[in-house]
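These are my working notes on one structure, taken in the order in which I looked things up.

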Amino acid sequence: TQLLVRCQMTISHFKTGKKYKSKSKRYVNKKHLVWVSNLSCILEEFNKGRCADEIQVHHLLKPFYSLRGMSLRSGDKDVVPLCSKHHKDLHMHGNELKYFHEIANNQNLGQEKCQELWEESPHYEET
């Protein structure tokens, strides 16, 4: 009965409208995002010719630095620049690791590039 009481307390807690706050806050760095958005697509060298589309910042689905969970996007350290075509294709593909493997023959390309970019960023460790 103790477990039942605890479950009812938890359920009633959410019904009261009180907001749930995560203990692990997502890292945010807008200056780093702007810096990354001015770089070339990380898949450009694997594409025949140049990626001509606009660059979009992709938050990794399998992040290197952050934790991910239900409805929780990875932090701003875990981003890579992708042209709009590759960004759309990646999300339509659904599996980030397989997508990078198919394009670049390296499933860890996104994680490796985000680590390089974060360490090179002029906004490294800013909040």
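**Entry 1. Overall fold.** How many helices and strands does the protein chain have? I found 5 helices and 2 strands. I note at the outset that the model is predicted. Reading along the sequence, I recorded the pattern α-α-β-β-α-α-α. I then took the burial total: 31% of the 127 residues of the protein chain count as buried. I also looked up the contacts between residues at least 6 apart in sequence, and 69% of them join residues at least 24 apart.

**Entry 2. Aromatic pairs.** I searched the whole structure for aromatic pairs and obtained 2. One of them is formed by Y27 and W118, with 5.6 Å centre to centre and 75° between the planes. The pair is edge-to-face, because planes over 60 degrees apart are classed that way. Which parts of the chain does the pair tie together? Y27 lies in the loop between α1 (2-15) and α2 (30-37), while W118 belongs to helix α5 (residues 109-120), so the pair links parts that are 91 residues apart in sequence. I checked whether these two residues are buried or exposed. Both Y27 and W118 are buried. The ring of Y27 has a further partner: the charged end of K77 sits over it, 5.0 Å from the ring centre.

**Entry 3. H32.** I turned next to H32, which is found in helix α2. Its relative accessibility is 0%, so H32 counts as buried. What does the side chain of H32 make a polar contact with? The partner is the side chain of S121, at 2.8 Å. Leaving out residues up to four places away in sequence, I listed D76, V79, L117, W118, S121 and H123 as the residues that H32 touches. W118 thus appears in this list as well as in the aromatic pair with Y27.

**Entry 4. V36.** Helix α2 also holds V36, and I read a relative accessible area of 0% for V36, which is therefore buried. I looked up the separation of V36 from W118: 82 residues in sequence, and 9.1 Å in space from C-alpha to C-alpha. Apart from residues up to four places away in sequence, V36 touches I55, V57, V79, V80 and P81. V79 is thus a contact of V36 and of H32.

**Entry 5. Nonpolar core.** Which residues of the largest nonpolar core touch the most other members? The core has 14 residues, and I noted C41, I42, L43, V80, L82, F100 and L109 in answer. The elements that give two or more residues to this core are β2 (79-83), α4 (96-104) and α5. I followed L109 further: leaving aside neighbours within four places in sequence, L109 is in contact with I42, L43, F46, F100 and A104. V80, named among the core residues, is also touched by V36.

**Entry 6. Salt bridge.** Side chains of opposite charge can pair when their charged atoms come close. My search of the whole structure returned 1 salt bridge. The side chains of D89 and K85 meet in a salt bridge at 2.8 Å, N to O. How far apart are D89 and K85 in helix α3 (residues 84-93)? They are 4 residues apart, so about one helical turn separates them. I recorded both as partly exposed: D89 has a relative accessible area of 26%, and K85 is at 46% relative accessibility.

Notes
Residues are numbered from 1 along each chain as its sequence is written. This is a predicted model: local features need pLDDT of at least 70, side-chain atom pairs count only at pLDDT 80 or more; totals for chains, interfaces and linings use all residues. Side-chain values use heavy atoms; hydrogens and water are left out. Rings of Phe, Tyr and Trp (its six-membered ring) pair if their centres lie within 6.5 Å; planes under 30 degrees apart count as stacked, over 60 as edge-to-face and the rest as tilted. Buried means under 20% relative accessible area, exposed over 50%, partly exposed in between (1.4 Å probe, protein chains only). A charge sits over a ring if NZ of Lys or CZ of Arg is within 6 Å of the ring centre and within 35 degrees of the ring normal. A nonpolar core is a set of buried Ala, Val, Leu, Ile, Met, Phe, Trp, Tyr and Cys residues joined through side-chain atoms within 4.5 Å. Contact means heavy atoms within 4.5 Å. A salt bridge is a side-chain nitrogen of Lys or Arg within 4 Å of a carboxyl oxygen of Asp or Glu. A polar contact is a pair of N or O atoms within 3.5 Å; within protein, one must be able to donate a hydrogen and the other to accept it, and residues adjacent in sequence count only if both atoms are side-chain atoms.
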